[in-house]
Amino acid sequence: MKRNRWFYAAVGVILMLFAGLIYAWSVLSRPLAEYFTEWTSAQLSFTFTICMTFFCLGGVLAGFLSGRINAKFNLVASALLFLAGFFIAANTSSLAGLYIGYGILAGTGSGIAYNTVMGTVTKYFPDKPGLISGILLMGFGIGSFIIGKVYQAYTGPGEGWRTSFEIFGILLFAVMILCSFLLKAPKAKKEDGRENGEEAAVVEASGMKSSGLEVIEMEPAVMLKRSSFWLYFIWAVLLCAAGLAVISQAGGMVLEVSPEISSGTVSTVVGLISVFNGIGRVLFGGLFDKIGRVKTMVFNEILFCAGLGLLILSLMTGILPALVAGFMIMGLAYGGVPTTNSAFVGAFYGKKNYSVNFSLLNLNLIFSSFGSTIAGLLYDASGSYFSTLISMLGAVIVGIVIAVMIKKP
């Protein structure tokens with residue numbers, strides 16, 4: 001049965017909402033920190049580092065398998081990994097169990113689902129690569145915020161987190177299995193006009209040409225030899241590291257500016273980053289399609305500088321509204337990076353090898369994740385987040401130089 005391409009977009013958003021749950025680690029880990037008092041903050045934080053590493057590796061695996069197996073198989077595998085991962089984490093009393101369950105298994109499951117959705121749904125929208133990337137990634141960005149709030153509201157004290165983890169495992173399993181029957185990749189039409197395979201492509205590749213975008217197809221090995229790829233990779237690392245540094249230390253920044261503020265207000269202020277992160281993903285997706293890659297990247301840099309400038313001003317003056325505005329702008333700016341990543345890969349290296357090429361670019365997250373570690377070290381050394389923000393501003397300025405150096409193949 002043929003379906004409108006927006007049906008697949010809706011299925012993709014639902015999948016991304018749930019796959020993005022792993023990003024809620026800062027919220028999910030709080031009850032664990034209270035229960036396992038002998039575990040240090042660094043030991044718990046390392047769970048997320050493992051999770052991000054295997055998220056990237058799961059994406060690479062899904063990318064290499066995309067030409068050999070269909071989306072349904074990938075989503076079923078993701079469902080099983082989520083179920084096993086959350087049940088192992090829910091019933092562990094050791095860090096090893098947490099690392100294996102949440103870090104390795106759930107992280108890999110999320111990476112597989114993420115790459116499968118991005119690689120499948122974007123094929124229906126060759127005329128709107130930026131917009132569809134933004135819509136899908138908005139789901140991934142706000143999923144952790146929404147589900148994290150539910151977890152916070154309904155998880156009881158003591159061992160209540162164990163029940164919540166088991167429920168998450170079952171819920172993720174059910175969603176992935178159900179959507180695996182609904183998500184199908186489009187198949188291009190043969191030259192004689194007949195459909196090739198189970199689903200005819202809704203928009204043919206000629207849609208790219210009519211929109212003014214030139215179709216360029218590159219194998220991963222060729223892409224990795226291009227300076228454009230590595231310049232962009234470094235750009236993404238710098239900006240993602242700056243964004244993650246602010247996100248991971250946002251609560252501490254609020255308390256540094258306003259020490260007497262309530263915990264509920266802190267949560268709300270920090271939550272604005274996630275909300276505007278989701279908005280930024282759609283905004284920058286549309287901008288990529290309208291004004292092109294160079295202007296989109298430079299505008300993103302300007303937003304990063306403005307957001308960091310407001311945060312620095314807030315720390316210097318103690319003005320809380322400046323901090324709130326800075327968080328909102330930083331959320332928009334950070335949301336633009338993953339969307340631009342997706343659109344960049346499709347525009348520069350084509351759709352044929354998109355799944356593999358995109359997963360290779362996403363490996364920047366492994367390096368970017370150390371942004372939060374660097375931010376913590378700078379704070380420990382100085383007792384203030386001022387040095388962290390200055391360092392991040394320097395990274396963004398370097399990114400501006402790199403952005404204008406990138407040339408399309």
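## Overall picture

What share of the 409 residues in the protein is buried? Buried residues come to 53%, where buried means under 20% relative accessible area, exposed means over 50%, and partly exposed covers what lies in between (1.4 Å probe, protein chains only). Keep in mind that this is a predicted model: local features need pLDDT of at least 70, side-chain atom pairs count only at pLDDT 80 or more, and totals for chains, interfaces and linings use all residues. Residues are numbered from 1 along each chain as its sequence is written, and side-chain values use heavy atoms, with hydrogens and water left out.

On secondary structure, the protein has 17 helices and zero strands; these are DSSP runs numbered from the N terminus, with helices being H or I over at least four residues and strands being E over at least two. The radius of gyration is 21 Å, close to the 22 Å from the globule rule for 409 residues, so the protein is as compact as a globular protein of that length. That radius is taken over C-alpha atoms, and the rule is 2.2 Å times the number of residues to the power 0.38. Along the principal axes, the C-alpha trace spans about 70 × 45 × 35 Å.

## Contacts, surface and charge

Take the contacts in the protein with a separation of 6 or more: 81% of them are between residues 24 or more positions apart. Contact here means heavy atoms within 4.5 Å.

As for the outside, the protein exposes about 16,700 Å², and carbon and sulfur atoms supply 68% of that; the areas come from the Shrake-Rupley method with a 1.4 Å probe, and for residues only the protein chains shown count as cover. On the charge side there are 26 positive and 19 negative side chains, with the centres of the two sets 10 Å apart. Lys and Arg count as positive and Asp and Glu as negative, while His and the chain ends are not counted. Each charge is placed at NZ of Lys, CZ of Arg, CG of Asp or CD of Glu.

## The nonpolar core

The largest nonpolar core has 122 residues, and Tyr102, Phe165 and Phe327 are the ones with the most contacts inside it. Helix α10 (residues 227–257) gives the largest share of this core, 18 residues. A core in this sense is a set of buried Ala, Val, Leu, Ile, Met, Phe, Trp, Tyr and Cys residues joined through side-chain atoms within 4.5 Å.

Who does Phe165 touch, once neighbours within four places in sequence are set aside? The partners of Phe165 are Leu28, Leu32, Phe86, Ala89, Ala90, Tyr102 and Tyr151.

## A walk along helix α5

Helix α5 covers residues 95–121 and includes Ser110. Ile100 sits in this helix too, and at 41% relative accessibility Ile100 is partly exposed. The C-alpha atoms of Ile100 and Asn70 are 27 Å apart, with the two positions 30 residues apart along the chain.

Gly107, also in α5, is buried at 0% relative accessible area. Leaving out residues within four places in sequence, Gly107 is in contact with Cys51, Phe54, Phe55 and Tyr102. Ser110 is buried at 0% as well, and its contacts, not counting residues up to four places away, are Ala19, Ile22, Phe55, Ser78, Phe82 and Phe140. Thr120 belongs to α5 and is buried with a relative accessible area of 6%. With the same sequence cut of four places, Thr120 touches Ala71, Leu183, Lys184, Ala185 and Pro186.

## Two spots outside α5

Ile69 is in the loop between α3 (41–65) and α4 (71–90). Its relative accessible area is 26%, so Ile69 counts as partly exposed. From Ile69 to Arg162 the C-alpha distance is 34 Å, at 93 residues apart in sequence.

Ser227 is part of helix α10. Is Ser227 buried or exposed? Ser227 counts as exposed, at 53% relative accessibility. Ser227 and Ser110 are 117 residues apart in sequence, and their C-alpha atoms are 30 Å apart.
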